[in-house]
Amino acid sequence: MPELPEVETVRRGLQPVLEGARIAEVTLARADLRFPFPPGFRERVTGRRVVSLGRRAKYLLADLDDGTVLVMHLGMSGAFRIEQAATQTVPGAFHYARSEDRKHDHVIFHLERADQAGLRIVYNDPRRFGFMTLVPRAELESHPFFAGLGLEPVGNALDAETLAHLLAGKATPLKAALLDQRIVAGLGNIYVCEALFRARLSPQRAAGTVATKAGRAGVRAERLAVAIREVIDAAIAAGGSTLRDHRQADGQLGYFQHTFQVYGREGEPCRTPGCGGTVRRLVQSGRSTFHCPRCQR
């Protein structure tokens, strides 16, 4: 499933085309994706202008000019591509074969822009685990999709003291705690593995041990907060990680997978200078965890 860096990369790719555009027409190839489209979806979106395109955790949020938010989730295999005219893609060549299988084109937004004609944004989703819905902006924070979400792992919101406070007293394994969207929103399996490696912390360590007995930030919380922010920032800069389905909105690959330190490297030497350990894989809550037992404690 695309994680936060992949979704943010898609947002940045769509933003120059979608923001400020009027949605002249919406084509729906089916009545549902993972969930049915809300009643009157096509009629409610058609004619609206996109004021801004944001992101919360793994959700894309298109604010429309009537105060409604178009909420979009990529699911397991969802992808957007930008097309110009009837059959041409915009420069950048979206040529990923899986996402060009037109039978999986489920939603098409036909756009009107003063500076470009014939633009379309196509949503393609072979597995149909993605979805779209409409939520009034005033009700967004209380909506079930968003009400329980934790803080974002970008910017200065995620600092050591905040992280220590969120994890203090928790006996659950550290990796499981970081995957809990109620604590930190948007982190997924890949980037938690990579962040824990950078912070030199075992994924099996009790989450509460990153805080002091008083619940304050210790050196572990400091290392972990920095590692999370650095991993996310680096992944966004690299366009995300292309493993199976992810491509950017212009069809380009993400390249962060080429810098993985532990993820997917079971049996390979640890890349920490002087460590001499070997990357191991273990299963936690049904998910593969990659780590170096020698330098992650």
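In this predicted model, Cys193 is a buried residue, its relative accessible area being 1%. Cys270 is likewise buried, at a relative accessible area of 10%. The cysteine sulfur closest to that of Cys270 belongs to Cys292, and at 3.6 Å it is too far away for a bond. A disulfide would need the two sulfur atoms within 2.5 Å, so the 3.6 Å between Cys270 and Cys292 does not qualify. The count of disulfides for the structure comes to 0.

Attention turns next to the interior. One cavity of 30 Å³ or more is present, and the largest cavity encloses about 60 Å³ of space. Its lining is made up of Leu14, Leu18, Ile23, Val50, Leu70, Met72, Phe80, Phe109 and Ile121. Two elements, helix H1 (4-18) and strand S4 (68-73), each give two or more residues to this lining. In character, the lining residues divide into 9 nonpolar, with no polar and no charged residues.

Val50, one of the residues lining the cavity, also falls within strand S2, which spans residues 50-56. Strand S2 pairs with strand S3 (residues 59-64) in the antiparallel sense, and the pairing runs over 6 bridges. Within this pairing, Ser52 stands opposite Asp63 of S3. The two strands form a hairpin that leaves 2 residues between them. Ala57, in the turn, has a positive phi of about 55°.

Charged side chains offer a further set of contacts, with 21 salt bridges in the structure. One of them joins Asp65 to Arg48, with an N to O distance of 2.5 Å. This pair links distant parts of the chain, 17 residues apart: Asp65 sits in the loop between S3 and S4, whereas Arg48 sits in the loop between helix H2 (41-45) and S2. Both ends of the bridge are partly exposed, Asp65 with a relative accessible area of 39% and Arg48 with a relative accessibility of 26%.

A second example is the salt bridge between Glu161 and Arg216, whose closest N and O atoms are 3.0 Å apart. Because Glu161 belongs to helix H3 (residues 160-167) and Arg216 to the loop between helix H5 (189-199) and helix H6 (219-237), the pair ties together parts that are 55 residues apart in sequence. Glu161 counts as partly exposed at 34% relative accessibility, and Arg216 also counts as partly exposed, at 48%.

A third salt bridge brings together the side chains of Glu266 and Arg281, at 3.5 Å from N to O. Glu266 is found in the loop between H6 and strand S10 (280-284), and Arg281 in strand S10 itself, so this contact ties together parts 15 residues apart in sequence. Here, too, the partners are partly exposed: the relative accessible area is 47% for Glu266 and 39% for Arg281. Elsewhere, salt bridges that share partners join several residues into one network, made up of Glu8, Arg11, Arg12, Arg55, Arg56 and Glu152. Of these network members, Arg55 and Arg56 fall in strand S2 (residues 50-56), the strand that forms the hairpin with S3.

Conventions. Residues numbered from 1 in each chain as written. Predicted model: local features only at pLDDT ≥ 70, side-chain atom pairs only at ≥ 80, totals over all residues. Heavy atoms only, no water. 1 Å grid on protein atoms, 1.4 Å probe; cavity = no way out; pocket = protein on both sides within 12 Å on 5 of 7 lines; lining within 4 Å. Points joined across faces, edges and corners; volume = space filled by probe spheres on them. Helix = DSSP H or I, 4+ residues; strand = E, 2+ residues; numbered from the N terminus. Nonpolar A, V, L, I, M, F, W, Y, C, P; charged D, E, K, R; others polar. Pairing = 2+ DSSP bridges. Buried < 20%, exposed > 50% of the residue type's maximum accessible area, 1.4 Å probe, protein only. Salt bridge = Lys/Arg side-chain N within 4 Å of Asp/Glu carboxyl O.
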